[in-house]
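User: I'd like a close look at one part of this protein, starting from a single contact and working outwards. Could you walk me through it in plain words?

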Amino acid sequence: MSERPERLTVLKTYKLFVGGKFPRSESGRVYEVTDSKDRWLANAPLASRKDARDAVVAARKAFGGWSGATAYNRGQVLYRVAEMLEGRREQFTAEVAAGSGQSRAKAAAEVDAAIDRWVWYAGWSDKIAQVAGGANPVAGPFFNLSTPEPTGVVAVLAPQDSTFLGLVSVVAPAIVTGNAVVVVAAERAPLPALSLAEVLATSDVPGGVVNVLSGRTAELGAPLAAHQDVNAIDLAGADEVLAKELEIAAADNLKRVLRPRAERWSADPGTERLLAFLETKTVWHPTGSLGASGSSY
């Protein structure tokens, strides 16, 4: 019997993730992703400003339904993502190890920590309102209640120094509180983010809630910071010079800006990023003989 010929490897085609679909960059551009020893790993889409604008449109379209879902439902959806990440643990371990130069054991530990963190944030979905809201004492015959609401469309520049744990640490808290996001993957190591998009697409996350772009952080950060329909921006992946430029651009429509700082992503996360992109709505309601009508601001 003749020997079976060696089969060719099926190379993976990485694409952007916009509005629940996987388009190539509208420019048709790609760039080479290499490992820590400068060996070729894959071609990633080199997203353009037009791709960034399309992602914002998709995020805005998805925001109403996602923010209107119950907090409990959002928690269930995020937990489903964690289940699927667990099933693809080996794939993410390989991508993190190749992109970061870590040993396989350290990469596996990072992936495990990222999955655990995703579950942790999922658990906060129906609890953050008790931390960020509540009844306020007032001098008068009124009920005065404060409740948190999502900011809207959030642009996220993913951390450059932690390709998966850092990515999860900035994306999960933004969406579990009801925001829709446009994520710019780490420029040198975008593969875990592009693979996370595949998990999101096959889970219960509605299309457009998370949109993932790969390419040059500065090229994509500029139009997102200046975009009038982006309500907030997380500059975790920007260096000092770029962060200053983007803060100035973001001031045109009074965006919320979360400034970059030195972070140890493996540290306990706390609630800071859950609270970063929430607004507070306060409702006044009369009591007693004043009637049933109320007002809010």
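Analyst: Let's start with a salt bridge: the side chains of Arg-29 and Glu-219 come together with 3.0 Å from N to O. Keep in mind that this is a predicted model. Arg-29 sits in the segment before strand 1 (30–34), while Glu-219 belongs to helix 8, so this contact ties together parts that are 190 residues apart in sequence. Is the pair buried or exposed? Neither label fits: Arg-29 is partly exposed at 30% relative accessibility, and Glu-219 is also partly exposed, at 23%.

Now for the helix on the Glu-219 side. Helix 8 covers residues 217–226 and packs on a sheet, where it touches strand 5, strand 6, strand 7 and strand 8 (232–234). Its direction makes about 150° with that of strand 6. The sheet underneath is open and made of five strands in the order 7-6-5-8-9, with parallel pairing. Strand 7 (210–213) and strand 9 (256–258) are the edge strands; each has a single partner, so one side of each has no neighbour in the sheet. On average, neighbouring strands are turned by 15° against each other, direction ignored.

Two of the strands that helix 8 touches, strand 5 and strand 6, also pair with each other. Strand 5 (residues 153–157) runs parallel to strand 6 (residues 180–184), and five bridges join them. One of the matched positions is Val-156, whose bridge partner in strand 6 is Val-183.

There's another contact to look at while we're here. The charged end of Arg-216 sits over the ring of Tyr-31, 4.6 Å from the ring centre. Tyr-31 falls within the 30–34 range of strand 1, and helix 8 begins at 217.

How many salt bridges turn up in the whole structure? The search finds 19, and a few of the others are worth a glance. Glu-247 and Arg-259 meet through their side chains at 2.9 Å, N to O. That pair links helix 9 (residues 240–250), home of Glu-247, to the loop between strand 9 and helix 10 (272–276), where Arg-259 lies, 12 residues apart. Glu-247 is partly exposed, with 25% relative accessibility. Back at the sheet, Asp-234 lies in strand 8, which spans 232–234, and salt bridges link Asp-234 in a network with Arg-261, Glu-263, Glu-272 and Arg-273.

Key
Residues are numbered from 1 along each chain as its sequence is written. This is a predicted model: local features need pLDDT of at least 70, side-chain atom pairs count only at pLDDT 80 or more; totals for chains, interfaces and linings use all residues. Side-chain values use heavy atoms; hydrogens and water are left out. Two strands pair if DSSP finds at least two bridges between them. Helices (H or I, at least four residues) and strands (E, at least two) are DSSP runs, numbered from the N terminus. Axes are lines fitted to C-alpha atoms, for helices over the stretch in contact, and angles run from 0 to 180 degrees between N-to-C directions. Contact means heavy atoms within 4.5 Å. A charge sits over a ring if NZ of Lys or CZ of Arg is within 6 Å of the ring centre and within 35 degrees of the ring normal. A salt bridge is a side-chain nitrogen of Lys or Arg within 4 Å of a carboxyl oxygen of Asp or Glu. Buried means under 20% relative accessible area, exposed over 50%, partly exposed in between (1.4 Å probe, protein chains only).
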